[in-house]
Amino acid sequence: MRGTSTGQRYVDDILRLHVGPFLNGLPGAIFQQDNARPHTARVAQDFLRHFQTLPWPTCSPDLSPVEHVWDEL
C-alpha cells in the first residue's frame with residue numbers, strides 16, 4: 001500500500017475487500033487487531049461492529065491473548 005494509511009483506506013482496501021469476506025466464510029471467527037490509528041478510527045469500528053472482535057488492551061500494545069494461549073500449549 002502506498003501513501004498514508006487512514007481509517008477510510010483501511011476499511012476500503014483491507015477490511016471490505018479481504019477481512020470481511022474472509023470472516024463471513026468462517027462462522028464463529030473472532031478478529032483481533034492492534035490499536036493502530038487506522039484500526040481504532042470510527043469508520044473502521046463501524047465496519048467491524050458486524051463481526052466478533054477481540055479487544056487489544058490499550059496499556060499493553062505488545063500483549064496478544066491469542067499468542068499467550070499458544071505459548072501455554
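Asp12 is partly exposed, with a relative accessible area of 30%; that label covers everything between buried (under 20%) and exposed (over 50%), using a 1.4 Å probe and protein chains only. Asp12 is a good place to start these exercises on a predicted model, in which local features need pLDDT of at least 70 and side-chain atom pairs count only at pLDDT 80 or more, while totals for chains, interfaces and linings use all residues. Residues are numbered from 1 along each chain as its sequence is written, and side-chain values use heavy atoms, leaving out hydrogens and water.

**Exercise: the overall layout**

Describe the secondary structure of the chain and how much of the chain is buried.

*Solution.* Begin with the elements: the chain has four helices and two strands. Helices (H or I, at least four residues) and strands (E, at least two) are DSSP runs, numbered from the N terminus. Next, put them in sequence order, which gives the pattern α-β-α-α-β-α. Then turn to burial: 23% of the 73 residues count as buried. Finally, look at the surface. The accessible surface comes to about 5,500 Å², with 56% of it belonging to carbon and sulfur atoms; such areas come from the Shrake-Rupley method with a 1.4 Å probe, and for residues only the protein chains shown count as cover.

**Exercise: the salt bridges**

Find the salt bridges in the whole structure and place their residues.

*Solution.* Start with the rule: a salt bridge needs a side-chain nitrogen of Lys or Arg within 4 Å of a carboxyl oxygen of Asp or Glu. A search of the whole structure turns up two of them.

Take the pair that includes our starting residue. Asp12 and Arg16 meet through their side chains at 2.9 Å, N to O. Both sit in helix α1, four residues apart, about one turn of the helix. Arg16 is partly exposed because its relative accessible area is 44%.

Now the other pair. Asp13 bridges to Arg9, with the closest N and O atoms 3.6 Å apart. Asp13 and Arg9 also belong to helix α1 (residues 7–24), and four residues, about one turn of the helix, separate them. Asp13 counts as partly exposed at 30% relative accessibility, and Arg9 is partly exposed too, at 26%.

**Exercise: the neighbours of Arg16**

Which residues does Arg16 touch, not counting residues up to four places away in sequence?

*Solution.* Contact means heavy atoms within 4.5 Å. With that cut-off, Arg16 touches Val11, Pro21 and Phe47. For a sense of distance, compare Ala44: Arg16 and Ala44 are 28 residues apart in sequence, and their C-alpha atoms are 9.8 Å apart in space.

**Exercise: the nonpolar core**

List the residues of the largest nonpolar core and say which helix gives the largest share.

*Solution.* A nonpolar core is a set of buried Ala, Val, Leu, Ile, Met, Phe, Trp, Tyr and Cys residues joined through side-chain atoms within 4.5 Å. Here the largest one has ten residues: Tyr10, Val11, Leu15, Val19, Leu23, Phe31, Ala44, Phe47, Leu48 and Phe51. The elements giving two or more residues to this core are α1 and α3 (42–48). The largest share, five residues, comes from α1. In soluble globular proteins, nonpolar side chains tend to be buried together.

Now zoom in on Phe47. Leaving aside neighbours within four places in sequence, Phe47 is in contact with Val11, Leu15, Arg16 and Gly20. The structure also holds one aromatic pair. Phe47 and Phe51 form this pair, which is tilted, at 5.9 Å centre to centre and 35 degrees between the planes. Rings of Phe, Tyr and Trp (its six-membered ring) pair if their centres lie within 6.5 Å; planes under 30 degrees apart count as stacked, over 60 as edge-to-face and the rest as tilted. Both Phe47 and Phe51 are buried.

**Exercise: Gln33 and His39**

Where does Gln33 lie, and which polar contact joins its side chain to that of Tyr10?

*Solution.* Locate Gln33 in the loop between β1 (31–32) and α2. Gln33 is buried, because its relative accessible area is 13%. Its side chain and that of Tyr10 are joined by a polar contact of 2.4 Å. A polar contact is a pair of N or O atoms within 3.5 Å; within protein, one must be able to donate a hydrogen and the other to accept it, and residues adjacent in sequence count only if both atoms are side-chain atoms.

Now add His39, which lies in helix α2 (residues 37–40) and is buried at 16% relative accessible area. The backbone oxygen of His39 lies 3.3 Å from a polar atom of the Gln33 side chain.
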